[in-house]
Amino acid sequence: MCDGPKFGTAGLSQSYHALGISGFAPQALADYTASFGLDAFEYQCGRGVRLAPDKAAALGAACAEKGIELSVHAPYYISMSSMEEDKRLHSVDYLLQSCALVKALGGRRVVFHAGSCGRQSREAALEKALDTMARAQKAVDAAGFGDCILCPETMGKVNQLGDLDEVLALCGVDARITPCIDFGHLYARTQGGITGRADYEAILDRMAAVLGDARARRFHAHFSRIAYTAGGEKCHLTFADTQYGPPHAPLLALLRERGLAPVIICESDGTQAEDARTMARLFAALPAPVPA
Ligand SMILES: [Zn+2]
């Protein structure tokens with residue numbers, strides 16, 4: 001078992017933009033990411049899936065050459081729990097578009113937000129999302145995208161669908177559906193409820209108990225420090241802002257001890273590449289666990 005976590009970024013840091021590279025530059029993006037010692041990159045489609053297939057193929061090729069694994073963040077307007085039937089069912093189309101893109105990029109994982117509770121109970125919202133999830137997986141298979149991995153994300157605002165158990169329930173729809181554990185979001189929605197090792201252990205244990213398979217080892221993750229209010233997430237911060245958590249060191253230590261191999265995407269506010277590198281270096285410096 002020599003594989004471990006992969007570290008990468010959500011989109012590009014300010015330091016990339018400061019390089020003055022104009023337009024879509026697959027080689028520059030891959031070179032920049034690799035220069036930080038990173039091996040993952042999450043392509044952002046929050047406002048819609050717009051990257052043309054030939055550009056996607058070029059980015060996929062440039063990243064493959066550097067050993068960078070690509071994933072896609074699906075549009076934010078997906079709403080699997082919407083009380084408007086039309087809007088709810090359109091979520092399936094946006095996931096299909098995202099799968100087509102991740103295939104063109106040569107990746108497999110599509111991360112998405114399930115939706116909000118709105119004026120319905122959490123139970124009613126989850127019930128709708130479970131139905132939409134089943135429809136989406138069926139449509140993905142029918143479209144020939146069966147090797148894509150749909151990843152519902154834990155969400156930072158209390159009224160959003162996506163606490164840990166809700167995300168794990170969505171993963172129960174199909175054995176391929178893999179959780180995207182956004183640790184900053186879980187921290188924010190629990191009013192700072194992740195402060196150290198025991199809190200991370202509880203999350204990893206719960207995931208292993210409910211999923212009961214390799215998904216608990218190869219999960220997807222987002223990481224950033226996040227400020228919160230009573231409603232949960234307020235804004236993403238950087239590793240230099242230490243007033244809020246969660247702390248990354250106890251998580252990395254646990255990943256090392258348990259031999260876990262998630263893809264960890266850093267979502268710091270403007271310093272994603274720098275902070276992902278901090279995590280990658282710290283992880284690499286941890287001693288390998290002593291065999292029992
Ligand atoms: Zn997200």
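Let's start at the zinc ion: its protein donors are His73 (NE2), His113 (NE2), Glu153 (OE) and Glu153 (OE), at 2.1 to 2.7 Å from the metal. Donors here are N, O and S atoms within 2.8 Å of the metal (3.2 Å for Na, K and Ca), and water is not among the atoms, so sites may look incomplete. Keep in mind that this is a predicted model: local features need pLDDT of at least 70, side-chain atom pairs count only at pLDDT 80 or more, and totals for chains, interfaces and linings use all residues. Residues are numbered from 1 along each chain as its sequence is written, and side-chain values use heavy atoms, with hydrogens and water left out.

The angles among the 4 donor atoms run from 52 to 147°, and the zinc site is classed as irregular. For four donors, tetrahedral would need all angles between 85 and 135 degrees; square planar (four donors) or octahedral (six) would need opposite donors over 155 degrees apart and all others between 65 and 115; anything else is irregular. Along the sequence, the donor residues follow the spacing H-x39-H-x39-E. His113 and Glu153 link distant parts of the chain, being 40 residues apart: His113 is in the loop between strand E4 (109-112) and helix H5 (122-142), and Glu153 is in the loop between strand E5 (149-152) and helix H6 (164-171). The helices (H or I, at least four residues) and strands (E, at least two) are DSSP runs, numbered from the N terminus. Both of these residues are buried, where buried means under 20% relative accessible area, exposed means over 50%, and partly exposed is in between (1.4 Å probe, protein chains only).

Now to strand E7 (residues 220-223). His220 and His222 point one way from E7, Ala221 and Phe223 point the other way, and all are buried. E7 runs parallel to strand E6 (residues 180-182), with 3 bridges joining them, and Ala221 is the bridge partner of Ile181. E7 is also parallel to strand E10 (residues 263-266), this time through 4 bridges, and there His222 stands opposite Ile265. Strands pair if DSSP finds at least two bridges between them.

Why does His222 count as buried? Because its relative accessible area is 0%. His222 touches, among others, the zinc donors His73 and Glu153, counting contact as heavy atoms within 4.5 Å. The side chain of His222 also makes a polar contact of 3.4 Å with that of Glu267. A polar contact is a pair of N or O atoms within 3.5 Å; within protein, one must be able to donate a hydrogen and the other to accept it, and residues adjacent in sequence count only if both atoms are side-chain atoms.

Here are three other residues, with where they sit and how accessible they are.

| Residue | Place | Relative accessible area |
|---|---|---|
| Val102 | helix H4 (residues 85-105) | 0%, buried |
| Thr178 | loop between H6 and E6 | 4%, buried |
| Gln191 | loop between H7 and H8 | 37%, partly exposed |

Val102 lies 60 residues from Glu42 in sequence, yet their C-alpha atoms are 9.9 Å apart in space. Beyond its sequence neighbours within four places, Val102 is in contact with residues including Leu70, Val72, Val110 and Cys148. The side chain of Thr178 reaches the backbone oxygen of Arg176 at 2.9 Å. Thr178 also touches several residues farther than four places away in sequence, including Leu150, Phe219 and His220. As for Gln191, its phi is near 55°, a positive value in a residue other than glycine.

Helix H9 (residues 249-258) has Leu251, Leu252, Ala253, Leu254 and Leu255 as its buried residues. They pack against strand E1 (6-10), helix H7 (183-189), helix H8 (197-211), E7, E10 and helix H10 (272-285). Just after H9, Gly259 takes a positive phi of about 65°. Pro246 is in the loop between strand E9 (232-236) and H9, and a cis peptide bond with omega of about 0° joins Gly245 to Pro246.

Last comes the largest nonpolar core, where Met80, Leu95, Leu105, Leu150, Phe183 and Phe219 touch the most other members out of 77 residues. The largest share of this core, 7 residues, comes from H5. Such a core is a set of buried Ala, Val, Leu, Ile, Met, Phe, Trp, Tyr and Cys residues joined through side-chain atoms within 4.5 Å. Leu95 touches residues including Ile78, Met80, Phe112 and Leu150.
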